[in-house]
Structure formats: structure tokens, C-alpha cells
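Student: I am new to this one. Can we go through it together, a step at a time?

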Amino acid sequence: MSNNPAELKATGLKATLPRLKILDIFQKNADRHLSAEDVYRLLLSENLEIGLATVYRVLTQFEQAGILSRNYFESGKAVFELNEGNHHDHIVCVDCGRVEEFRDDVIEKRQHEVAAVHGFEIVDHTLAIYGRCEKCRKK
């Protein structure tokens, strides 16, 4: 989704300044996985007076509209990322919290095989692998 007010309206949401700014943050930020507090700090750094409660409300609205996806990693704190419609899994550093995305067709195939053995058909899934990144291992 672009930062176009018409596209935001197509999801059923009005194109308010807080919504447009928060969407812009997700589209332009290199760190794709942001907590509400991360978004709030970025708004403050741009001298935008948008309250933390508004940030939480907009993130929830974006999740409900399918614009963002919510994940809970090791910290238990919710992080959000743009929902670009392509499935991927995550590997998370337990020390610094860095999150990397990956896709592996062998893992995907194996998950479906395991589900079938147990009589399940997968309708959705998430996979998060926890470890220590190279930078943290060198400390």
C-alpha cells in the first residue's frame, strides 16, 4: 500500500494525519518490525505531537484492516510490520532483539507434511527461530 489517502480510504479508514504519518514510517523505515513505542519515538523525532494512545489505536486499526501484521517475539512485546501479502518466517536474536525475515521452501513443505501426518490441514502458521546474531556472539 502506498501512502495515498485514496488507498487508505479504500480500506475503510479515513486518511488522517496520524494514520498517514504512521503508514509513512512503516514504508520508509529500514527496520521492518516496530513496536508502538518505536513508532511513537520516530514520530517524536519528527516533532509530531501524536500521542502514544493514538499510535496504539492506529496500529490496531491497521492490523484489523490488513495493512499491518502483528507478531510477538521473545520479549512478549507486540511488533508490527507491513502486510505485503507474502508469507515469510522470522529469526530473532535473543540478546539484541534483531529480527530477520526468511523464506525456505523446504521448511514450508515439511510443515505441511507434519500437519498431514497428524490429520491437519494448515490454514495459517508462524515460525520464529530464536538464537544469537553474529554481532552479539562476538561480544
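**Cysteines, a sheet and a helix**

Tutor: Start with Cys-96, which is partly exposed, with a relative accessible area of 43%. Keep in mind that this is a predicted model.

Student: Which residues does the UniProt annotation "binding site" cover?

Tutor: The annotation comes from an unreviewed UniProt entry. Its residues are spread over 44 residues of sequence, yet they cluster in space, with a largest C-alpha distance of 8.2 Å. The residues covered are Cys-93, Cys-96, Cys-133 and Cys-136.

Student: Is Cys-93 buried or exposed?

Tutor: Cys-93 sits in strand S3, residues 89-93. Buried means under 20% relative accessible area. Cys-93 has 4%, so the class is buried.

Student: Which residues does Cys-133 contact, leaving aside its neighbours within four places in sequence?

Tutor: Look in the loop between strand S5 (128-131) and helix H6 (134-137), where Cys-133 lies. Cys-133 counts as buried, at 10% relative accessibility. Beyond those sequence neighbours, its contacts are Cys-93, Cys-96 and Arg-98.

Student: And what does Cys-93 touch, not counting residues up to four places away in sequence?

Tutor: Cys-133 has Cys-93 among its contacts, so expect to meet that pair again from this side. The full list for Cys-93 is Arg-98, Gly-131, Arg-132, Cys-133 and Cys-136.

Student: How many disulfides does the count come to?

Tutor: A disulfide needs two cysteine sulfur atoms within 2.5 Å. For Cys-93, the closest cysteine sulfur is in Cys-96, at 3.6 Å, which is too far for a bond. Seen from Cys-96, the closest is in Cys-93, again too far. The count is zero.

Student: What is the order of the strands in the open sheet of three strands?

Tutor: Strands of a sheet pair through backbone hydrogen bonds, either parallel or antiparallel. Here the pairing is mixed. Strand S4 (99-102) and S5 stand at the edges, each with a single partner strand, so one side of each has no neighbour in the sheet. The order is S4-S3-S5.

Student: What is the average twist from one strand to the next?

Tutor: Step across the sheet in the order S4-S3-S5. From one strand to the next, the twist averages 20°.

Student: Which residue in S4 stands opposite Ile-91?

Tutor: S3 and S4 run antiparallel. Four bridges join them. Opposite Ile-91 in S4 stands Glu-100.

Student: Why do the buried residues of H3 line one face of the helix?

Tutor: Helix H3 spans residues 36-45, and its buried residues are Ala-36, Val-39 and Leu-43. An α-helix has 3.6 residues a turn, so residues three or four places apart point the same way. Seen down the axis of H3, the buried residues line one face because they fall within an arc of 65°.

Student: Which helices do the buried residues of H3 pack against?

Tutor: The residues in question are Ala-36, Val-39 and Leu-43. They pack against helix H2 (17-28) and helix H4 (52-64).

Student: Which residue just after H3 takes a positive phi?

Tutor: H3 covers residues 36-45. The phi in question is about 60°. The residue is Asn-47.

Student: Which residues is Lys-77 in contact with, leaving aside its neighbours within four places in sequence?

Tutor: Lys-77 is in the loop between strand S1 (68-72) and strand S2 (78-82). It counts as partly exposed, at 41% relative accessibility. Its contacts outside that sequence range are Ser-35, Glu-37, Asn-71 and Tyr-72.

Key
Residues are numbered from 1 along each chain as its sequence is written. This is a predicted model: local features need pLDDT of at least 70, side-chain atom pairs count only at pLDDT 80 or more; totals for chains, interfaces and linings use all residues. Side-chain values use heavy atoms; hydrogens and water are left out. Helices (H or I, at least four residues) and strands (E, at least two) are DSSP runs, numbered from the N terminus. Buried means under 20% relative accessible area, exposed over 50%, partly exposed in between (1.4 Å probe, protein chains only). Contact means heavy atoms within 4.5 Å. UniProt positions are given in the numbering used here, feature names are shortened, and annotations may be inferred rather than shown by experiment. The arc is that of the directions from the helix axis to the C-beta atoms. Two strands pair if DSSP finds at least two bridges between them. Axes are lines fitted to C-alpha atoms, for helices over the stretch in contact, and angles run from 0 to 180 degrees between N-to-C directions.
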